[in-house]
Amino acid sequence: SVCSMGTSSSRLYSTLTKTLSSGAVSQHQDCLEQPDSAQLDPIDPKELLEECQMVLQKRPPRFQRNFVNLSKNTASNHRPIRVMQWNILAQALGEGKDNFVQCPMEALKWEERKCLILEEILAYKPDVLCLQEVDHYFDTFEPLLSRLGYQCTFCPKPWSPCLDVEHNNGPDGCALFFSRERFQLVSSANIRLTAMQLKTNQVAIAQTLKCNETGRLFCIAVTHLKARTGWEQFRSAQGCDLLQNLKSITQGAKIPLIVCGDFNAEPTEEVYKEFSNSSLNLNSAYKLLSPDGQSEPPYTTWKIRPSGECRHTLDYIWYSQHALNVNSALGLLTEEQIGPNRLPSFNYPSDHLSLVCDFSFNQDPDRLL
């Protein structure tokens, strides 16, 4: 039965039912951009948020998270660019493979969980949104976000584990969304990552955008590296391949770069060091929340599986520190907010926390690296 979505004429309900009935779910193209959906009627984000809140009225309210101001008195002559990074947890994996032993199945129902995800996106209003583990792109995220003014791109994993789950919704993959009002697409690359000269199951999307307000270019990339312990060298090779691709796309760091991803790697891993020491001169934005500006947060994912409690820092927003300033970053959930049963939960839809940063261009674009 369909969860109550307000009136039958509600835009959220009608958008989803129209998309589902059009057979869009079966279009599992390798990589997809759909500028044509911009022709559909726009949705008022406030109206969509109200719809989501109606569906979620029996759930606890959203956690309060505050932005931490990080700008060092650098006046900017343009609106900051808000970037959101989030592994949203593939529905098929959440219900079928991930074994969150403390999370009731009721909390994972897609009809409600999708509204929690949308509520988080609508609350922070990112200009650029980078998601991993997206297995409801065609029936949820593309039709809704395109009507909220985003241009949408999806790149599924070639052999998604979601496809092994009964009643799956197609493969999961990375998705990238950017505001059509703020940016123009200059170039787009969908990358299947290699490791040790082998094509792997992991992907990335890299797009060069032109900022309408400043005329400046920047590259935004999203990725999701191989999971699990024992695969550290593999992740390192994937990271090297991604960096090589990004060096070419950014013309050796001439174009500023932001890389969002679930790297499945703690800061002690080789792939983290490769990004830190790359000739692209990247820094990790969330380090700036630490007192010394040198330490990553204590966790970006926290869950309980049959093997025990898993608390790790795996998610990052890397940026060109010569060309971009981090004005602010969204604080993480506290242990008290997360609660003893950890994530996901009735309060929070994913086992990973969303990361959100506000960036501004350095005022001296010709400054040397």
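# Burial, salt bridges and a pocket

User: What makes helix 4 count as largely enclosed by the rest of the structure?

Analyst: Of the 15 residues in helix 4, 13 are buried, so the rest of the structure largely encloses it. Buried here means under 20% relative accessible area, with exposed over 50% and partly exposed in between (1.4 Å probe, protein chains only). Bear in mind that this is a predicted model, where local features need pLDDT of at least 70 and side-chain atom pairs count only at pLDDT 80 or more, while totals for chains, interfaces and linings use all residues. Residues are numbered from 1 along each chain as its sequence is written, and side-chain values use heavy atoms, leaving out hydrogens and water.

User: How do you know where helix 4 runs, and how does its reach compare with the expected span?

Analyst: Helices (H or I, at least four residues) and strands (E, at least two) are DSSP runs, numbered from the N terminus. Helix 4 covers residues 110–124, and its 21 Å from first C-alpha to last is close to the expected 21 Å. The expected span is 1.5 Å times one less than the number of residues. Right after helix 4 comes Lys125, with a positive phi near 45 degrees.

User: Why is Glu111 called partly exposed, and is Lys114 buried or exposed?

Analyst: Glu111 has 25% relative accessibility, so it counts as partly exposed. Lys114 has a relative accessible area of 3%, so it is buried. Both sit in helix 4, three residues apart, about one turn of the helix.

User: What makes Glu111 and Lys114 a salt bridge?

Analyst: The rule asks for a side-chain nitrogen of Lys or Arg within 4 Å of a carboxyl oxygen of Asp or Glu. For Glu111 and Lys114 the N to O distance is 3.2 Å, so the pair passes. The count by this rule comes to 17 salt bridges.

User: Which parts does the pair Arg82 and Asp358 tie together?

Analyst: Their closest N and O atoms are 2.7 Å apart, which makes a salt bridge. Arg82 belongs to strand 3 (residues 81–87) and Asp358 to strand 16 (residues 355–361), so the bridge ties together parts 276 residues apart in sequence. Both Arg82 and Asp358 are buried.

User: Why do Asp127 and Arg182 count as buried?

Analyst: Asp127 has 12% relative accessibility, so it counts as buried; Arg182, at 4%, does too. The two form a salt bridge, with closest N and O atoms 3.1 Å apart. Asp127 lies in the loop between helix 4 and strand 4 (128–134), and Arg182 in the loop between strand 6 (173–179) and strand 7 (183–195), so parts 55 residues apart in sequence are tied together. They also belong to a salt-bridge network with Arg79, Glu181 and Glu213.

User: What makes helix 5 mostly covered?

Analyst: In helix 5 (residues 137–147), 11 of its 11 residues are buried. Among them are Tyr137, Phe138 and Arg147. Just past helix 5, Gly149 has a positive phi of about 100 degrees.

User: How many residues does the protein chain have, and what share counts as buried?

Analyst: There are 369 residues, of which 57% count as buried. The chain has eight helices and 16 strands.

User: How do you know how far apart in sequence the contacting residues are?

Analyst: A contact means heavy atoms within 4.5 Å. Among contacts between residues at least 6 apart in sequence, 79% join residues at least 24 apart.
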